[in-house]
Amino acid sequence: MMARRGFIALSAAVAALGLAGFATRSRPVPVPPPLPKPEAPLTVFHLGHSLVGADMPYMLAQLAPDGHGYNSQQGSGTSLRGHWEPDEPILDFETANQAPAFRDAREAVASGDYDAVVLTEMVELRDALKYFDAAKYFEKWVDLASNASPAPQLFLYETWHKLDDPDGWLERIDGDLERLWIRELTGRASRRHPDQPVYLIPGGQVLAAVARAAENGNIPGLDSREALFARTPDGALDTIHINDLGTYVVALTHFAVLYQRSPEGLPHQLTRADGTPAQALPADAALRVQQIVWQVVTALPRTGLGAEARDA
């Protein structure tokens, strides 16, 4: 039997390790350096789930300079672990991944064929961190990208939780960014790969800012957060998936970060991936949304905007 003194010493050591691990996870994640403004169209790989969807990358391509290209791998509610592990089924894989957009994710990220790789974790993010080893698998994808030649620039697409979240939709978006998305999800990889920084595409932050502006009467023709979200076939509100208007907001956000340029003045009448016209904001409302996107993106240092881009 272990002597009492030995047991106490072991317990103290375990406790110290636990506190050290907590301290490491709680340390602020260094802000990455500013990104250079791209001088040519980008080729982008999107890894994620239905909050990426088929339409958002397609809209982004319509906003981007001619020559912008993209591929993706997606699933319904799929975690980064689900995309990594070959034996884990990906829900709705066949319907979510259609030619010509689809490319196998492991092959794509390792290929060196992309200027940018955008990583998207499942939500509920608390569950992803607790039950799906989100930080571990985020690091695996960063490792894979960092070994590509040339290595792509990495981005985290911050999404959102359900509109009816018991802790509050806006409150979750406000409170989760630094604590969960940055420290818990990306901190481990960022500390191991200081030479491979991960930049932020703040989809949740921008969507919240647009919703607040709409509900304060500052966007003509848009008056609620629900107006950015889809409806189910029976007409009920879909509390997690965005509609064409919400997708446009998120595509603008991707554009602003990836191209380090203001989206003000970009087209507002776009098409969906299936070629049908997307629901569009009126021109004055679209301009106000574009301005809000740029305000949020320039206010957050993790988006990579340097002084030159901010002042442009």
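1. Let's start with histidine 83, which is buried in this predicted model. Its relative accessible area is 6%, and a residue counts as buried when that value is under 20%. Histidine 83 belongs to helix α3, residues 80–84. A polar atom of its side chain lies 2.7 Å from the backbone oxygen of glycine 48. Leaving aside residues up to four places away in sequence, histidine 83 touches Leu47, Gly48, Gln73, Gln74, Gly75, Thr78, Ile90 and Trp141.

2. A second histidine deserves a look alongside it. Histidine 49 sits in the loop between β1 (43–48) and α2. This residue is buried too, with a relative accessible area of 2%. Here the side chain reaches the backbone oxygen of glutamate 121 at 2.8 Å. The contacts of histidine 49, again not counting residues up to four places away in sequence, are Gln74, Gly75, Gly77, Thr78, Thr120, Glu121 and Met122. If you compare the contact lists, Gln74, Gly75 and Thr78 appear for histidine 83 and also for histidine 49.

3. Gln74 brings us to strand β2, where it is one of the residues. All six of the six residues of β2 are buried, so the strand is largely enclosed by the rest of the structure. Gly69, Asn71 and Gln73 point one way from β2, while Tyr70, Ser72 and Gln74 point the other way. That fits the usual pattern, since side chains in a regular strand alternate between the two faces of the sheet. Strand β2 pairs with β1 in the parallel sense over six bridges, and glycine 69 in β2 is the bridge partner of threonine 43.

4. Now for the sheet as a whole. Five strands make up an open sheet with parallel pairing, in the order β2-β1-β3-β4-β5. At the edges are β2 (69–74) and β5 (198–202), each pairing on one side only. On average, neighbouring strands of this sheet are turned by 25 degrees against each other, ignoring direction.

5. Further along the sheet, β3 (residues 116–119) and β4 (residues 153–158) pair in the parallel sense over four bridges. Valine 117 stands opposite leucine 154 in β4. Two helices are worth tracing here. Helix α8 (residues 169–192) lies across β4 and β5, and runs at about 140 degrees to β4. Helix α9 (residues 203–215) packs on the sheet as well, touching β4 and β5, with its direction making about 25 degrees with that of β5.

6. Which residues lie closest to the centre of the largest pocket? They are Val52, Gly53, Ala54, Asp55 and Gln74, out of 31 residues that line the pocket. The space in this pocket comes to about 610 Å³. At least two lining residues each come from α2 (55–63), β2, α4 (93–96), β7 (237–242) and α10 (244–259). Helix α2 gives the most, with four residues. You will recognise Gln74 from the contacts of histidine 83 and histidine 49.

7. Last, the enclosed space. A search of the whole structure finds one cavity of 30 Å³ or more. The largest cavity holds about 50 Å³ of space. Its lining consists of Met59, Asp244, Tyr248, His268, Gln269, Leu270, Ala278, Gln279, Ala280 and Leu281.

Terms used. Residues are numbered from 1 along each chain as its sequence is written. This is a predicted model: local features need pLDDT of at least 70, side-chain atom pairs count only at pLDDT 80 or more; totals for chains, interfaces and linings use all residues. Side-chain values use heavy atoms; hydrogens and water are left out. Two strands pair if DSSP finds at least two bridges between them. Axes are lines fitted to C-alpha atoms, for helices over the stretch in contact, and angles run from 0 to 180 degrees between N-to-C directions. Contact means heavy atoms within 4.5 Å. Buried means under 20% relative accessible area, exposed over 50%, partly exposed in between (1.4 Å probe, protein chains only). A polar contact is a pair of N or O atoms within 3.5 Å; within protein, one must be able to donate a hydrogen and the other to accept it, and residues adjacent in sequence count only if both atoms are side-chain atoms. On a 1 Å grid over the protein atoms alone, a cavity is a set of points where a 1.4 Å probe fits but cannot get out, and a pocket is an open set with protein on both sides within 12 Å along at least five of seven lines; lining residues have an atom within 4 Å of a point. Grid points are joined across faces, edges and corners, and a volume is the space filled by probe spheres set on the points.
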